[in-house]
Amino acid sequence: MLSSTVDRVPAHTAAHINQRIRQLTRENIERASLGGPAQIDRRLAELDEEWDIERTLEANAASVMLAGTALALFVDRRFLALPALVGAFLLQHALQGWCPPLPLFRRLGVRTAGEIEEERRALQAMRNGTPRATGSPVHGAGAAIERIR
């Protein structure tokens with residue numbers, strides 16, 4: 001069965017790691033909000049530069065494929081197995097949302113584009129004082145996240 005694009009990475013990540021990533025997101029929002037609008041703007045700029053899990057996996061796969069190809073050209077042709085294996089892993093990730101490096105990158109805190117966007121929307125809601133969907137002020141990271149969901 002093919003997983004939804006939005007849910008496939010968190011669905012294939014251990015619950016405690018997903019929880020840790022959510023907690024770090026709340027802490028980032030809280031820390032930025034305590035610094036006021038200027039700190040929120042700085043954090044939003046940082047989020048523009050943050051690599052999501054897809055970009056990280058793609059860069060990792062491309063690097064390993066290039067290294068395997070170079071090793072096959074200059075050392076031993078059996079190294080061609082490496083790019084083939086990485087290609088299979090990328091296909092598996094595209095179809096199922098899981099591949100061998102995924103647990104490592106998630107443990108390192110690499111987030112999905114949706115998780116990054118959730119933090120961005122919560123920070124924007126806090127900076128503006130009110131999210132578009134409601135008319136009441138937003139106070140605290142938890143309230144901001146709940147309002148944008």
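Helix 4 and helix 5 run roughly antiparallel to each other, since their angle of about 160 degrees falls in the range over 145 that counts as such, and they are therefore described that way here. Keep in mind that this is a predicted model. The rest of the protein is helical too: its secondary structure comes to eight helices and zero strands.

**How the pair packs**
- Helix 4 covers residues 53-74, and helix 5 covers residues 81-96.
- Their axes sit 8 Å apart.
- As for handedness, helix 4 and helix 5 make a left-handed crossing.

**Who touches whom**
- On the helix 4 side, the contact is made by Glu54, Leu57, Ala61, Val64, Met65, Gly68 and Thr69.
- Helix 5 answers with Leu82, Pro83, Val86, Gly87, Leu90 and His93.
- Sorted by character, the residues in this contact come out as eight nonpolar, four polar and one charged.

**The whole chain**
- Going along the sequence, you read the pattern α-α-α-α-α-α-α-α.
- The protein has 149 residues, and 33% of them count as buried.
- Take the contacts between residues at least 6 apart in sequence: 65% of these join residues at least 24 apart.

**The surface**
- About 9,000 Å² of the protein is exposed.
- Carbon and sulfur atoms supply 60% of that exposed area.

Note on methods:
Residues numbered from 1 in each chain as written. Predicted model: local features only at pLDDT ≥ 70, side-chain atom pairs only at ≥ 80, totals over all residues. Heavy atoms only, no water. Axes fitted to C-alpha atoms, helices over the stretch in contact; angles between N-to-C directions. Helix = DSSP H or I, 4+ residues; strand = E, 2+ residues; numbered from the N terminus. Parallel < 35°, antiparallel > 145°, perpendicular 65-115°, else oblique. Left-handed = near helix turned anticlockwise from the far one by under 90°. Contact = heavy atoms within 4.5 Å. Nonpolar A, V, L, I, M, F, W, Y, C, P; charged D, E, K, R; others polar. Buried < 20%, exposed > 50% of the residue type's maximum accessible area, 1.4 Å probe, protein only. Areas by Shrake-Rupley, 256 points an atom, 1.4 Å probe, with all protein chains shown as cover.
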